[in-house]
Amino acid sequence: MPANATLSLIDASRNRSVVASLCYGQMDSTVRVPALIFLHGGGLQAADYGWLCQTAQMNSVVILALVRSAAKDSATSLEPMVGDAVLLWRKMHACNASDAASIFYNRLVGIALGGHSMGGAAATLAAATIAREAAHVPSALIAFAPGFWGETQQSQRNASAPLVFMPALLLVGDQDCANEAHTQQLPLFRSLGSAARALVVLRGANHCQWASALDPQRCNFDGCGDLTAAEQQGLGWAVALRFLSAALPSSAAGWPAFTRYLESVGKSRWQYL
């Protein structure tokens, strides 16, 4: 399904244009819905995550996906994408909290940050940046196989993760040969400041199939995985939706309900911490 709209912003402080695709389903004036700002993986773009747009339109979730980090950005530099995420989060927060002309005015129950691979790492740093600077913070963090590479990025992770005190979900496949759970996800998980955090390792999932357009030439470090792309995306999003239901402020059941879900459903599908 195509995006509902495109959002274009200018960040004058960085002399930078930021464009994001906006996807959402039927907006019921009586129901508040969750929103997720999503950042793409290195070398990818929002169009590679079309399944997220379709899922948003089917499940009453608002997805604001960064179309593409500027071509001039280094594939190994997180800072430009972090700045983009902060700008997008502040815009959605303002739409919900104070812009009476916005379709999202007082309609969002929470605004989470998330992303895949490089985007998941950037979302983590963006959550910490907002927490340092603002009274209002993202409602949650959802990172699909985030990766911090090299001494600089790992130092950024170590400094920022303790500031991520909002609920956090890390999702990774046990056949991910790029950002493996024990080398990438576990150090991040252990460093997070949140008491409500989960690391879920999906059986049969790999790294590249979080993106819709799997190109073996672009992902030649990764096996095909025992799950199809549709199976991996569907299973991961099922966990993410449960997480959002537990993590957002309106949740009546809360975090214990999410951990019971992981325990009751997950033995054959995932491992978790």
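A pocket is an open set of grid points, placed over the protein atoms alone, with protein on both sides within 12 Å along at least five of seven lines. In this predicted model, the second largest pocket holds about 190 Å³ of space. Its lining consists of 13 residues, of which His93, Gly110, Ile111, Val137 and Ser139 are the closest to the centre. Two elements, helix α2 (79-97) and strand β5, each give two or more residues to this lining. The largest share, 4 residues, is supplied by β5. By residue class, the lining of the second largest pocket comprises 7 nonpolar, 5 polar and 1 charged.

Strand β5 also belongs to the sheet of the model. Strands of a sheet pair through backbone hydrogen bonds, either parallel or antiparallel. Here, 9 strands form an open sheet with mixed pairing, and their order is β1-β2-β4-β3-β5-β6-β7-β8-β9. The edges are occupied by β1 (5-11) and β9 (270-272); each has a single partner strand, so one side of each is left without a neighbour in the sheet. On average, and with direction ignored, neighbouring strands of the sheet are turned by 20 degrees against each other.

Two helices are placed against this sheet. Helix α6, spanning residues 229-247, packs on the sheet and touches β3 (33-39), β4, β5 (108-116), β6 (141-144), β7 (168-173), β8 (197-202) and β9. The direction of α6 makes about 165 degrees with that of β7. Helix α7, formed by residues 255-265, lies across β7, β8 and β9. With respect to β9, helix α7 runs at about 140 degrees.

Within the sheet, strand β2 (residues 16-23) pairs with strand β4 (residues 62-66) in the antiparallel sense, over 4 bridges. Cysteine 23 has isoleucine 63, in β4, as its bridge partner.

Cysteine 23 also takes part in a disulfide. A disulfide is a covalent bond between the sulfur atoms of two cysteines. The structure holds 1 disulfide, formed by cysteine 23 and cysteine 53, whose sulfur atoms are 2.1 Å apart. The torsion about the S-S bond of this pair is about -95 degrees, and the disulfide is therefore left-handed. Distant parts of the chain are linked in this way: cysteine 23 lies in strand β2, cysteine 53 lies in helix α1 (residues 50-59), and the two are 30 residues apart. Cysteine 23 thus has both a bridge partner in β4, isoleucine 63, and a disulfide partner, cysteine 53.

Key: Residues numbered from 1 in each chain as written. Predicted model: local features only at pLDDT ≥ 70, side-chain atom pairs only at ≥ 80, totals over all residues. Heavy atoms only, no water. Pairing = 2+ DSSP bridges. Axes fitted to C-alpha atoms, helices over the stretch in contact; angles between N-to-C directions. Contact = heavy atoms within 4.5 Å. 1 Å grid on protein atoms, 1.4 Å probe; cavity = no way out; pocket = protein on both sides within 12 Å on 5 of 7 lines; lining within 4 Å. Points joined across faces, edges and corners; volume = space filled by probe spheres on them. Nonpolar A, V, L, I, M, F, W, Y, C, P; charged D, E, K, R; others polar. Disulfide = S-S within 2.5 Å.
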